[in-house]
Amino acid sequence: MAVQELINKNVDQFQALFDLYANRLNGIKDSPYFRIKQDAVRHLVRKGFPGRKNEDWKYTNLTQLLKTRFQHPARQVSGDQLSQPLPNSVRISFENGLLVKEQSDLDKFDASEVEVMTVEDALKNATVKDKVLLELENMEQVGVSAFGLLSLAFAQGLVIQVKKNTRLSNPIHITYASSGSEKNTLTSQLCLVMVESGSKAEIFQSIIGKKDQSYLQTIYNRFVIAENANLSVYKWQEEGDQGNLIYTTEINQAHGSTYTDLSLDLGGKLVRNNLYATHLGQNITTNLYGSFVLSGQKQHLDNQTFVDHAQPHCQSNELYKGIIDHYSKAVFNGKIIVRPDAQKINAFQQNAGLLLSDHASIDSKPQLEIFADDVRCSHGATIGQLDEQALYYLMTRGLERKQATKMLQSAFIQEVFAELEEDNIARYLQDKLSTYL
Amino acid sequence: MAVNLDQKLEKQKTIDQLKDIEQDYKYGFHDPEDEYAFKSEKGLTEEIVRKISEMKEEPEWMLDFRLKALDIFQKKPMPTWGNTEYLNQIDFANIHYFVRSSEKQGRDWDEVPTYIRETFDKLGISLLEQKRMMGVAVDAVIDSVSVKTTFKKQLSELGIIFCSFSEAVQDHPELIKKYLGSVVPYTDNFFAALNSAVFSDGSFCYIPKGVKCPMELSTYFRINTAGTGQFERTLIVAEEKSTVSYLEGCTAPMRDENQLHAAVVEIVAMDDAFVKYSTVQNWYPGNKEGKGGVYNFVTKRGMCRGVNSKISWTQVETGSAITWKYPSCILKGDGSVGEFYSIAVTNNFQQADTGTKMIHIGKNTRSTIISKGISAGKSHNSYRGLVKVGKKAENARNFSQCDSLLMGDKCGAHTFPYLEIENKSAQVEHEATTSKIGEDQLYYCQQRGLSEEDAINLIVNGYCKEVFNELPMEFAVEAQKLLAVSLEGSVG
């Protein structure tokens, strides 16, 4: 109880941080965005952070993180190239929460296909203004989590709008990087993507942290996918060993749309991924795929997915696989709800974990709540280690144990990448993965 | 006490009602209540607990145990998982915590009061006689007071102790003292604390070293009096290399108000011992509008204390308005085995929240979980289970399978499995499916000349077969019939 009180007391620091932040914001104090930010911070201070009694946070303890006194990162950005660019992609780069124009290809976007701008600019743009404002207000009011509110309050924010019946030929590569040498910095990102009807887009997010310094990064995505549109989002993160990342994605899908999410988590001290998919129409497909390698000394990764089947004739697929070593811990909590009268649903979920050390652990909680009868839902979970026989087989073929292990581990994870359509992205992720095995 | 005319009429009415509702719930009668020798005031106070203990002429340590438990009960908050809106309706002050049906446990069948014998007859316990023929020893518990134990003599020749809990407290205090609360301490949870404070009777069973119990042991539970709670306690101790199979059955009369049942079952298995515990739970589930029915909150736990010991739980849950029940195994001994086979059927407004906990502590421990849920009407059926593999549980192995079958579009089926694995050598598999009966399967059966109802029965029986196979013969037959009655008319 005392700990919870301390944390809740510590929430007040965000009001002080916000006042500091507000002083730096020139010229937007009259904007509705500023009002929403003010509300978000107030809302956060009132609401506080979830404790361990909260079932969704049962296996992830925030006490240590929330005891921290946070500060803003330095304003300057290094301007260096922060991540290896994805071939044939259009770049957008953020450093310490701010858009770095020099590292972004904003001029390469064709405004008749896609609009990319900061939230501030979007609110000045007559065509998107109303929609963006509506979504921001929704976020503040619904405010899925305390961390979503943090993003809303402190992020500069990015808006991407894909125009009707457009098929973007190149993926959009967004990089979120933290740099500098200060301790306990708080960086927040907000990304609103609206895909209009009949369009198709791919977004690739790279998250890169600074080494040896503790910090918290909150990323809040909101994806609004209109009728028959198709959005794929790929994410890989390589946070520093003292880095904390709370990554939240809210997906609203309309009739006939498809959303695919694929993540590769490699770094971080405490990483939490929240994915919430809500179906607003029929014939919707949601695919959530995740992979991770926790090879650090003591990492904590929590994957949380929630698919809300509120409408009939939809399907969802989930596949999560990961490797856990040393003192690290992985958590999977996959929730699927099929609401009353949402008939003809197919929902599949699978998660598998490979434990490499005596101190590694995994907590898995697949969860089905079904209120309709004409459905096919299933989930499976397996936890184990590499098959000794498979290892032996490879070794009889002349491979060293180390090589054989690596090969099997790589194959284990790559089952997830097999779901990728885009070769470039698969190759990029495989490169990243191989350095961690 | 003279039975006046009104009561006779009342009784006749009950029997008539019974005939009408035979199909719905055939155990829905109740006996005249004023023949009870003692009925405590409503509500739970220290005074009541002292009174229970005094009436049962219990030793000091037993009273101590009860009072400590009462203290914990009063401090603990009501649990909040599951659907709590119903729970808040339970008025713990409005329950008779102790009812005694007759002065003494009947030593001989002829000594048992006539109306109790009638109860048994209505229950089909000539059950008792039938089982005597079949060689099953029965301990019958009405309103948590043990009324009859059969076959005691034959069992005692083998050194097996099978008697009511109160007798055990008097005759074998050293065993009770040693094992009571050793698996489910009174601090364990809200309902275990309640039970520990007020439990009135139950069964005690002790199988000595190397003995294989030659017959099935059985307890039969029944709630009779209105506004009472049933709080019984079962304790089974299996010494080294012993084997026992234990059956439990339950029914309750039909009442408009909800009745509370909070039992505790503890099992201790030593080296190489094997305990099989089977339950057919058929408490009154409430009527079609969801009125009445038993709230069934049971704590069942087995401790595999010895090397290579084994505890196997099998349950068929068809009754109760709300069930919360998680028969668990603590696999402490190296090489110990835990099993859980369950069928839970819910219809109308029933809610069943059941599952198991398999706690792997020793090396080379294994557990199997097979859970089959069937929901119909407007009912909800949940599987809630935990598989935990501790740091030192090398080579632990678990397989879990939870399937749910939905009949009708107003019901729900939910799965909440928790897997907590802390050892790399563990191998854990979990799978769950939810679906309805396949149209093609139905079509196939009907095409072969079966009616829709029969086809469904056939398919459901096949679906549950894995669990039925685990039940002792006489229970398996009863369970299949129960299943058919519970689901009658639920498909259309």
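1. Start with the contact between the two chains. In this predicted model, chain A and chain B bury about 2700 Å² between them, and 49% of that area sits on carbon and sulfur atoms. Chain A puts 35 residues into the contact, while chain B supplies 31 residues.

2. How many salt bridges does the count give between chain A and chain B? Just one salt bridge. It joins the side chains of Asp374(A) and Lys436(B), with 3.8 Å from N to O. That distance falls inside the 4 Å cut-off for calling a salt bridge. Polar contacts across the interface of chain A and chain B come to 13 residue pairs, with both residues at pLDDT 80 or more.

3. Which elements give two or more residues to the side of chain A that touches chain B? Strand S18 (361–370) and strand S19 (375–384) of chain A. As for the chemistry, the residues on this side of chain A divide into 14 nonpolar, 12 polar and nine charged.

4. Next, look at strand pairing between the chains. S19(A) pairs with strand S25 (residues 427–436) of chain B. The sense is antiparallel, and the pairing runs over seven bridges. If you want a spot to find on screen, try Thr382(A): the bridge partner of Thr382(A) in S25(B) is Glu429(B).

5. Over all chains, a search of the whole structure turns up 35 salt bridges. Take Glu135(A) and Arg222(A), whose side chains meet in a salt bridge at 2.5 Å, N to O. Glu135(A) belongs to helix H6 (residues 129–142) of chain A and Arg222(A) to strand S8 (residues 215–225) of chain A, so this pair ties together parts that are 87 residues apart in sequence.

6. Now for confidence. The model scores ipTM 0.84 and pTM 0.85. Chain B averages a pLDDT of 80, and 74% of the residues in chain B score at least 70.

7. Two stretches of chain B deserve a separate word. Over residues 102–109 of chain B, pLDDT stays under 50, and the model has 23 contacts there beyond four places in sequence. Residues 123–135 of chain B also stay under 50 in pLDDT; for these residues the model has 27 contacts beyond four places in sequence.

Technical notes. Residues numbered from 1 in each chain as written. Chains lettered and ligands numbered in written order. Heavy atoms only, no water. Contact = heavy atoms within 4.5 Å. Buried area = accessible area lost by both parts, 1.4 Å probe. Polar contact = N/O pair within 3.5 Å; in protein donor to acceptor, adjacent residues only side chain to side chain. Helix = DSSP H or I, 4+ residues; strand = E, 2+ residues; numbered from the N terminus. Nonpolar A, V, L, I, M, F, W, Y, C, P; charged D, E, K, R; others polar. Pairing = 2+ DSSP bridges. pLDDT = per-residue confidence, 0-100.
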